[in-house]
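Please examine the structure shown here. The paragraphs that follow begin with its surface and overall layout and then turn to a group of charged side chains.

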Amino acid sequence: MLASLCALLLGGCGGGGSGGSDLSSGIQGVVQAGPTCPVKQVGSPCPDRPVPSTLRAIRADRRIAAGRTDDRGRFRLALEPGTYVVTATPLAGTMTPVPVTVTVTSGAYAKVTLEADTGIR
């Protein structure tokens with residue numbers, strides 16, 4: 001059932017395809033960790049950085065989809081239309097995932113930037 005609900009396509013990886021899923025909707029984007037510096041200074045930007053992570057999308061009816069990003073934090077996750085709470089958990093470190101609510105519409109991929117809080121203040 002999970003296989004029919006979701007498929008993960010890693011951006012930049014060969015193979016394409018949808019892992020057996022014919023869904024034409026879902027979410028795509030990147031997972032970023034931040035802040036990366038204790039103090040931001042003018043002229044010395046301190047951008048968030050992409051991080052490899054696991055993904056979890058939960059719909060109101062409790063259907064769960066899961067996947068992983070590529071090494072640069074990018075992902076593409078096929079999902080049925082609906083509203084999901086999506087969380088990305090970085091594979092390394094002790095960052096706190098920040099859940100995001102995303103609405104997936106039929107025939108489209110919603111663009112999402114998922115955050116992981118580094119705890120740096």
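The surface that the protein exposes amounts to about 6800 Å², and carbon and sulfur atoms supply 56% of that area. The model is a predicted one. Of the 121 residues in the protein, 32% are buried.

The secondary structure consists of one helix and nine strands. Read from the N terminus on, the order of the elements is α-β-β-β-β-β-β-β-β-β. Among the contacts in the protein with a separation of 6 or more, 60% are accounted for by residues 24 or more positions apart.

The charged side chains may be considered next. Side chains of opposite charge can pair when their charged atoms come close. How many salt bridges does a search of the whole structure find? The search finds five, and the following account takes up several of them.

One salt bridge is formed by Asp 61 with Arg 59, and the closest N and O atoms of this pair are 2.8 Å apart. Are these two partners buried or exposed, or partly exposed? Arg 59 has a relative accessible area of 13% and is therefore buried, the limit for that class being under 20%. Asp 61, by contrast, has a relative accessible area of 43%, so this residue counts as partly exposed.

Arg 59 also takes part in a salt bridge with Glu 80, where the closest N and O atoms are 3.1 Å apart. Arg 59 belongs to strand β3 (residues 53-59), whereas Glu 80 is located in the loop between β5 (74-78) and β6 (82-90); the pair therefore ties together parts that are 21 residues apart in sequence. With a relative accessible area of 22%, Glu 80 is partly exposed.

Glu 80 has a further partner, Arg 63, and the side chains of these two residues meet in a salt bridge at 3.1 Å, N to O. Because Arg 63 lies in the loop between β3 and β4 (64-68) and Glu 80 in the loop between β5 and β6, this pair ties together parts that are 17 residues apart in sequence. Arg 63 is partly exposed, at 33% relative accessibility.

Which residues do the shared partners join into one network? Through salt bridges that have partners in common, Arg 59, Asp 61, Arg 63 and Glu 80 are linked into one network. Within this network, Arg 59 is buried, while Asp 61 is partly exposed, as are Glu 80 and Arg 63.

Notes:
Residues are numbered from 1 along each chain as its sequence is written. This is a predicted model: local features need pLDDT of at least 70, side-chain atom pairs count only at pLDDT 80 or more; totals for chains, interfaces and linings use all residues. Side-chain values use heavy atoms; hydrogens and water are left out. A salt bridge is a side-chain nitrogen of Lys or Arg within 4 Å of a carboxyl oxygen of Asp or Glu. Buried means under 20% relative accessible area, exposed over 50%, partly exposed in between (1.4 Å probe, protein chains only). Helices (H or I, at least four residues) and strands (E, at least two) are DSSP runs, numbered from the N terminus. Contact means heavy atoms within 4.5 Å. Accessible areas come from the Shrake-Rupley method with a 1.4 Å probe; for residues, only the protein chains shown count as cover.
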